[in-house]
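Here are a few short exercises to work through with the model open on your screen. Try each task before you read its solution.

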Amino acid sequence: MSRLATQRVANGRRAHIVGWGMAVPERVLNNHDLSTMVDTSDEWIRQRTGIVERHIVGDGETTFSLALRAAQSALEVANLDPAQLDLVVVATVTPEYYFPATACLLQDALGAEHAAAFDLSAGCSGFVYALSVAADLIAAGGYKHCLVVGAETLSRITDWTDRNTCVLFGDGAGAVILEANGAPGGILSSVLGADGSGKDLLIVPAGGSAQPANAETVQARQHTVQMDGRQVFRFATRIMPEASRRVLSRAGLTVQDISLVIPHQANDRILQAAARSLGIEEERMYSNLSRYGNTSSASIPIALCEAIERGLVKRDAVLLLTGFGAGLTWAATVLRWSLPLPVPVPPRRMTFWRNLRYRWVQLRSRWRQFWRQVDSRLFQILYDREGRRKR
Ligand code: UT7
């Protein structure tokens with residue numbers, strides 16, 4: 001019996017990735033651009049982080065719009081009708097609003113009329129947290145298709161005068177479709193962890209109930225990311241290898257079994273340290289930091305999407321996804337890609353018919369919004385405050 005078979009879930013249902021997609025804004029901000037904004041240099045940023053450029057949203061682009069593009073691409077690859085989705089989860093620290101959840105906007109825009117929807121906030125570990133929750137819901141038997149998205153517009157909460165943080169972050173979104181399937185493999189095991197005593201190391205201090213927004217909090221830039229970079233760095237280099245070893249051991253695997261590590265993209269030096277600690281060659285540690293910077297919960301699904309499209313994920317590959325972030329939190333998932341990859345991988349362009357369907361869904365949503373207003377007006381005309389029919 002294979003070691004993997006020992007991880008089989010009770011009812012034999014496993015969560016397999018059958019679709020993937022990503023989206024980044026068109027606008028690119030490179031290190032030279034940044035050196036005109038704060039006291040920094042291309043050399044410092046490259047050497048200390050590995051970042052060369054990042055994508056930044058323009059007018060009209062938001063966390064939701066990036067999430068929507070990534071989700072539509074993932075559905076396209078999976079060749080799945082959004083009405084077949086049972087769940088939409090969006091991992092994000094930069095949601096569209098406090099509420100409603102960005103996942104609800106996505107559910108509506110996709111026309112995923114049978115799906116539950118919620119956001120998940122676990123810092124940069126958010127996507128792996130969300131993947132694990134969705135995989136467990138599938139394994140429990142309730143859901144067949146789940147859309148899991150990591151989407152961020154960190155540029156909206158970045159202090160563009162703080163060189164300690166503004167050189168690090170970028171915007172983007174990545175998405176996967178998980179499908180319940182009896183085939184062996186899929187998501188094998190996950191490790192999720194948190195240590196809230198580290199809450200001050202990476203925080204947006206104001207805007208919540210602790211410090212509601214007011215003129216002073218805005219003046220003091222307390223609605224932007226504040227970070228103790230050195231402490232987060234130390235935490236990351238310790239926790240990534242630790243969580244990775246634990247998740248591998250739970251799946252009955254060793255470092256030698258890993259085909260590719262898809263780590264949270266925060267700093268190339270963190271990835272190098274984790275690779276050294278795990279005893280894994282850097283070639284098996286995927287990095288795209290130079291092109292996107294740190295996109296928080298979006299970084300792992302974007303990297304996964306790229307790795308697949310570059311042909312780095314072969315059938316039966318064992319992938320280790322691992323992240324860390326604000327909270328403090330950490331997360332690792334190991335999966336075996338046992339289903340065939342679509343060949344050739346469909347282009348990320350939407351077909352005419354799907355596009356038409358999304359337009360129809362949009363119209364239907366607008367009509368429902370309009371009808372709600374009419375309904376509310378009619379109710380005021382026909383009923384009194386106690387809800388009794390007026391005579
Ligand atoms: O998703 C999780 C979120 N965050 C992270 O994962 C971040 C983890 N931490 C890091 O990646 C690194 O700590 C940083 C990239 C943030 C900083 O690198 P470092 O090597 O730890 O630098 P440092 O904070 O120890 O600062 C070294 C020097 C300081 O100058 P002095 O005090 O030695 O004169 C900084 O003021 O570098 C200076 N410095 C900069 N210089 C030019 C800090 N930021 C910059 C900058 N350009 N952008």
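**Exercise 1. Find which atom of the ligand W44 faces, then look for other polar contacts and describe the shell.**

Start at W44: a polar atom of its side chain sits 3.4 Å from a nitrogen atom of the ligand. Bear in mind that this is a predicted model, so treat every distance here as computed from it.

Next, go to T40. One of its polar side-chain atoms is 2.7 Å from a ligand nitrogen. Then check R163, where an N or O atom of the side chain lies 2.9 Å from an oxygen atom of the ligand.

Now ask how well the ligand is wrapped. On its own it has 950 Å² of accessible area, and the protein covers 77% of that.

Which elements do the wrapping? Two or more shell residues each come from α2 (42-49), α6 (163-166), α8 (229-250) and α9 (268-278). The largest share belongs to α8, with four residues.

Zoom out to the whole shell. There are 23 residues around the ligand, and the nearest are T40, R230, H264, N267 and N294. By type, the shell splits into 11 nonpolar, seven polar and five charged residues.

**Exercise 2. Locate the second largest pocket and work out which helix gives the largest share of its lining.**

First get its volume, which is about 480 Å³. Then pick out the residues closest to its centre: of 17 lining residues, these are F64, L68, A109, Y358 and Q362.

Now map the lining onto elements. Those giving two or more residues are α3 (63-78), α4 (102-110) and α12 (352-382). Of these, α12 has the largest share, eight residues.

Finish with the chemistry: eight of the lining residues are nonpolar, five are polar and four are charged.

**Exercise 3. Search the structure for cavities of 30 Å³ or more and describe what lines the largest.**

The search of the whole structure turns up one such cavity. Its volume is about 60 Å³.

List the lining: A15, H16, I17, G186, I187, L335, R336, W337, S338 and L339. Then assign strands. At least two of the lining residues come from each of β1 (14-23), β8 (186-194) and β13 (329-337).

Sorted by type, that lining has six nonpolar residues, three polar and one charged.

**Exercise 4. Track down the backbone oddities at P100, L328 and R221, and say which loops hold them.**

Begin with P100. The peptide bond joining F99 to P100 is cis, with omega about 5°. P100 belongs to the loop between β4 (87-91) and α4.

Move on to L328. Its bond from G327 is cis too, with omega near -5°. L328 sits in the loop between β12 (317-325) and β13.

Last, check phi at R221. This residue is not a glycine, yet its phi is positive, about 55°. Look for R221 in the loop between α7 (215-219) and β10 (226-227).

**Exercise 5. Decide how the radius of gyration of the chain compares with the globule rule.**

Count the elements to begin: the protein chain has 12 helices and 13 strands. Then compare two numbers. The radius of gyration is 22 Å, close to the 21 Å that the globule rule gives for 391 residues, so the chain is as compact as a globular protein of that length.

For the outline, take the principal axes: the C-alpha atoms fill a box of roughly 80 × 55 × 40 Å.

Methods
Residues numbered from 1 in each chain as written. Predicted model: local features only at pLDDT ≥ 70, side-chain atom pairs only at ≥ 80, totals over all residues. Heavy atoms only, no water. 1 Å grid on protein atoms, 1.4 Å probe; cavity = no way out; pocket = protein on both sides within 12 Å on 5 of 7 lines; lining within 4 Å. Points joined across faces, edges and corners; volume = space filled by probe spheres on them. Nonpolar A, V, L, I, M, F, W, Y, C, P; charged D, E, K, R; others polar. Near = heavy atom within 4 Å. Polar contact = N/O pair within 3.5 Å; in protein donor to acceptor, adjacent residues only side chain to side chain. Areas by Shrake-Rupley, 256 points an atom, 1.4 Å probe, with all protein chains shown as cover. Rg over C-alpha atoms; globule rule 2.2 N^0.38 Å.
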